[in-house]
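User: Please take me through this structure in questions and answers, giving the reasoning behind each answer.

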Amino acid sequence: MEQYICNDCGKKHAITPFIWKCTCGSLLNLEKDTPTINVESWNRYPNSLWRYLETMPFQKDSNNWKSITMGEGQTPLIVLDSLEPNTYVKVDYMMPTLSFKDRGAAVLMTKAKELGVKKVIADSSGNAGTAIAAYAARCNIACDIYLRDETSPKKIAQVKSHGATIKQIQGTREDIAAAAQQAVKEEKAFYASHVYNPYFYEGTKTYAYEIFEQLNGTPDTLIIPVGNGTLLLGAYYGFKELLANGLIEKMPKIIAIQAVNCSPLVEAFNNGDLSAQPVMNKGTLAEGIAIATPARSSQILEAVRETNGEFITIEEDEILSARAKLSDKGFYVEVTTAANYAGYLKYKKEPEEKIIVPLCGAGIKSN
């Protein structure tokens, strides 16, 4: 039986609709057995991220996902350029709501339905809110999304189109989270947080499973943009499960990308700190990773260090240049994804190094 376990004090909690942090105030992880991976079972499921259902902690024979899925997952893995045959882009914006956040949202909202949830509240810089709103609609669950008042109008329109109630808040990304958390407390609603709820990572871990299948093995390196660490941690957990099952022989190195103007994790990594201290967000075009106080900083830093990875910082002009270069190759991405590609361009790779670069969000989402 799965339980929540506190990341700091180790206290265990039953999984209920209304718990989202420990009584000590810290974040929760899932305490569960490492799944036994039966590769042959994957073909019994549709060609989506639900191929890996048996690795996810749902009730046995749960079929809620069948009425919720929109075919998310199994995004293309493509050689970026014939001159760089060992560098691949995983086109994760080819999802129902045009970003990788659908991985986590589909799984988290399936769990919410299993728990009998009637209303969810989430806060977001845009993409997670859109994904939660879309899958809440699939579940017939009421949904409030808290967004910064400076969020891209295109993302706001997308959230609104799914019938969610939008709460626009003036302030920092951390102010938005605080407002959502206060509403969760007052309304006794389910906090569908892509940061706090560990079921979200059960969805983003499928990024690793898909790469394993598509490459028939493991890459040397993952280049991943990081704010709250949603994709980075999911990829880390997914590859750890593959390693524990003996399906791969090594963990890929994680190269994490942050904007210079908001880089608390870089400072912590360079100082040898176990967690990041809050910084001032000086303003970056890469709104998806503009997180001045990443709640899971200790886990993110641990993942990068354990895989012998590193952090790379990106200037604002490098982001715009990288976006134009990707467009020249046929990939129109949102600005945060361009920051990730800018990080790849600065990374000192080895000649035969096999690298994966996620294209996390579609360009149509950005202003």
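Analyst: Helices (H or I, at least four residues) and strands (E, at least two) are DSSP runs, numbered from the N terminus. The model discussed here is a predicted one.

User: In which loop does Leu98 lie?
Analyst: Leu98 has a phi near 75 degrees, a positive value in a residue other than glycine. With a relative accessibility of 28%, Leu98 counts as partly exposed, since that class lies between the buried limit of 20% and the exposed limit of 50%. Its place in the chain is the loop between strand E5 (84-90) and helix H2 (101-114).

User: Is Lys188 buried or exposed?
Analyst: Lys188 is found in the loop between helix H5 (173-187) and E9, and its phi, near 55 degrees, is a positive value in a residue other than glycine. Because exposed means over 50% relative accessible area, the 63% relative accessibility of Lys188 makes this residue exposed.

User: Which strands stand at the edges of the open sheet in the order E8-E7-E6-E9?
Analyst: Four strands form this open sheet, and their pairing is parallel. A strand with a single partner has one side left without a neighbour in the sheet, and this holds for strand E8 (165-169) and strand E9 (190-191). The edge strands are therefore E8 and E9.

User: Which residue in E9 does Val120 stand opposite?
Analyst: Strand E6 (residues 119-124) pairs with E9 in the parallel sense, over two bridges. Since DSSP must find at least two bridges for strands to pair, these two bridges suffice. The residue in E9 opposite Val120 is Phe190.

User: How are helix H11 and helix H12 oriented to each other?
Analyst: Helix H11 (residues 316-328) packs against helix H12 (residues 335-346) at an angle of about 95 degrees, and their axes are 7 Å apart. Because angles from 65 to 115 degrees count as roughly perpendicular, H11 and H12 are roughly perpendicular.

User: How do the residues of the contact of H11 with H12 divide into nonpolar, polar and charged?
Analyst: On the H11 side the contact is made by Glu318, Ile319, Ala322, Arg323, Lys325 and Leu326, and on the H12 side by Val335, Ala338, Ala339, Tyr341, Ala342, Leu345 and Lys346. These contact residues comprise nine nonpolar, no polar and four charged.

User: How many disulfides does the structure hold?
Analyst: A disulfide requires two cysteine sulfur atoms within 2.5 Å. For Cys9, the nearest cysteine sulfur, that of Cys6, is 3.6 Å away, and for Cys262 the nearest, that of Cys360, is 17 Å away. Cys9 is partly exposed at a relative accessible area of 47%, whereas Cys262 is buried at 1%. The number of disulfides in the structure is zero.

User: How many of the ten residues of helix H7 are buried?
Analyst: The buried residues of H7 (residues 206-215) are Thr206, Tyr207, Ala208, Tyr209, Glu210, Ile211, Phe212 and Leu215. The helix is followed by Asn216, whose phi is positive, near 55 degrees. H7 is largely enclosed by the rest of the structure, because the buried residues number eight of the ten.

User: Which residue is the bridge partner of Leu222 in E11?
Analyst: All five residues of strand E10 (residues 221-225) are buried, so the strand is largely enclosed by the rest of the structure. Thr221, Ile223 and Pro225 point one way from E10, while Leu222 and Ile224 point the other way. Five bridges join E10 to strand E11 (residues 253-259), and the two run parallel. In E11, the partner of Leu222 is Ile254.

Key:
Residues are numbered from 1 along each chain as its sequence is written. This is a predicted model: local features need pLDDT of at least 70, side-chain atom pairs count only at pLDDT 80 or more; totals for chains, interfaces and linings use all residues. Side-chain values use heavy atoms; hydrogens and water are left out. Axes are lines fitted to C-alpha atoms, for helices over the stretch in contact, and angles run from 0 to 180 degrees between N-to-C directions. Angles under 35 degrees count as roughly parallel, over 145 as roughly antiparallel, 65 to 115 as roughly perpendicular and the rest as oblique. Contact means heavy atoms within 4.5 Å. Ala, Val, Leu, Ile, Met, Phe, Trp, Tyr, Cys and Pro count as nonpolar, Asp, Glu, Lys and Arg as charged, and the others, Gly among them, as polar. Buried means under 20% relative accessible area, exposed over 50%, partly exposed in between (1.4 Å probe, protein chains only).
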